[in-house]
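Hi everyone, thanks for coming along. I'd like to walk you through a structure that may be new to you, so please have a look at it before I start.

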Amino acid sequence: MSELNDLYQEVILDHNKNPRNFREIENADKTADGNNPLCGDALRVYVQLEDDKVKDVAFKGSGCAISKASASMMTQIVKGKTREEAEVLFDEFHKMVTGELDIEKEENDLGKLKIFAGVLEFPARVKCASLSWHTLHAALNEEEAVSTE
């Protein structure tokens, strides 16, 4: 288990220090703002769709290492996916971090995102890990903002 914890920390630190897709998309089709008042995380997700596929996705904002790392990895995995595939990933990720999905026993498409399964042990951090996903979900559904309150 300590090997998994080390890998978790390494991935989180890398994505926090060097977040992928940390930028604005000027011609984004959809945007949404996310806010986690408990931790102080605040971000905006930008989505550019083409033929119902996520052509580009990015985020800007500030937050804790878990929040930023989750947003970074989210943008990597949903780029190129259809809107429906992105929504499935949102649902699976949310279920994983809240304990509703056993990633070892139930089929899923989470891949490298399984690294966040450990946040379940830290209830206050679940909102940090899921904020970007809720914000992406809001953007895809044309909602302007989401809060984890």
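Let me open with a question: is Phe59 buried or exposed? Keep that in mind for a second while I add one reminder, which is that this is a predicted model. And now the reply: Phe59 has a relative accessibility of 2%, so it counts as buried.

Let's stay with Phe59, since it has a partner. Phe22 and Phe59 make an aromatic pair of the edge-to-face kind, with 5.1 Å from centre to centre and 70° between the planes. If you trace the chain, you'll see that this pair links distant parts of it: Phe22 sits in the loop between α1 and β1, Phe59 sits in strand β3, and 37 residues separate them. What about the exposure of Phe22? With a relative accessible area of 30%, Phe22 is partly exposed.

Phe22 has another neighbour to show you. The charged end of Lys68 sits over the ring of Phe22, at 5.4 Å from the ring's centre.

Both Phe59 and Lys68 bring us to the next stop, because both belong to the lining of the largest cavity. How many cavities of 30 Å³ or more does the structure hold? The search gives one. The volume of the largest cavity is about 40 Å³. Along with Phe59 and Lys68, its lining is made up of Ala42, Leu43, Gly61, Ser62, Gly63 and Ser67. The elements that each give two or more residues to this lining are β2, β3 and α2, the last of these spanning 65-78. Which of them gives the most? That is β3, with three residues. As for the chemistry of the lining, three residues are nonpolar, four are polar and one is charged.

Now let's move on to charges. As a bit of background, side chains of opposite charge can pair when their charged atoms come close. Over the whole structure, the search finds eight salt bridges. I'll take you through some of them.

We can begin right beside Phe22, with Arg23. The side chains of Arg23 and Asp56 meet in a salt bridge, at 2.8 Å from N to O. Here again distant parts of the chain are linked: Arg23 is in the loop between α1 (2-17) and β1 (30-36), Asp56 is in strand β3 (residues 53-62), and the two are 33 residues apart. Their surroundings differ in name as well: Arg23, at 30% relative accessibility, counts as partly exposed, while Asp56, at 14%, counts as buried. The story doesn't stop with two residues, since Arg23, Asp56 and Lys79 are linked in a network of salt bridges.

Next comes Lys30, which forms a salt bridge with Glu142, and the closest N and O atoms are 2.7 Å apart. Lys30 lies in strand β1 and Glu142 in the loop between α4 (123-140) and β4 (145-147), so this pair ties together parts that are 112 residues apart in sequence. Is each partner buried or exposed? Lys30 counts as buried, at 11% relative accessibility, whereas Glu142 counts as exposed, at 63%.

One more bridge: Arg83 pairs with Asp52, and there the closest N and O atoms are 3.2 Å apart. Arg83 is in helix α3 (residues 83-97) and Asp52 is in the loop between β2 (41-50) and β3, so parts 31 residues apart in sequence are tied together. Arg83 is partly exposed at 25% relative accessibility, and Asp52 is partly exposed too, at 42%.

Back to rings for a moment. The count for the structure comes to three aromatic pairs. You have met Phe22 and Phe59, which are edge-to-face. In contrast, Phe93 and Trp133 are stacked, with 4.9 Å between centres and 20° between the planes. Phe93 lies in helix α3 and Trp133 in helix α4, so the pair joins parts that are 40 residues apart in sequence. Phe93 and Trp133 are both buried. Together with Phe116, they form one aromatic cluster.

Last, a stop out at Glu104, in the loop between α3 and α4. Glu104 is exposed, with a relative accessible area of 67%. From Glu104 to Glu144 is 40 residues in sequence and 35 Å in space, C-alpha to C-alpha.

That's my tour, and thanks for listening!

How values were computed:
Residues are numbered from 1 along each chain as its sequence is written. This is a predicted model: local features need pLDDT of at least 70, side-chain atom pairs count only at pLDDT 80 or more; totals for chains, interfaces and linings use all residues. Side-chain values use heavy atoms; hydrogens and water are left out. A salt bridge is a side-chain nitrogen of Lys or Arg within 4 Å of a carboxyl oxygen of Asp or Glu. Helices (H or I, at least four residues) and strands (E, at least two) are DSSP runs, numbered from the N terminus. Buried means under 20% relative accessible area, exposed over 50%, partly exposed in between (1.4 Å probe, protein chains only). On a 1 Å grid over the protein atoms alone, a cavity is a set of points where a 1.4 Å probe fits but cannot get out, and a pocket is an open set with protein on both sides within 12 Å along at least five of seven lines; lining residues have an atom within 4 Å of a point. Grid points are joined across faces, edges and corners, and a volume is the space filled by probe spheres set on the points. Ala, Val, Leu, Ile, Met, Phe, Trp, Tyr, Cys and Pro count as nonpolar, Asp, Glu, Lys and Arg as charged, and the others, Gly among them, as polar. Rings of Phe, Tyr and Trp (its six-membered ring) pair if their centres lie within 6.5 Å; planes under 30 degrees apart count as stacked, over 60 as edge-to-face and the rest as tilted. A charge sits over a ring if NZ of Lys or CZ of Arg is within 6 Å of the ring centre and within 35 degrees of the ring normal.
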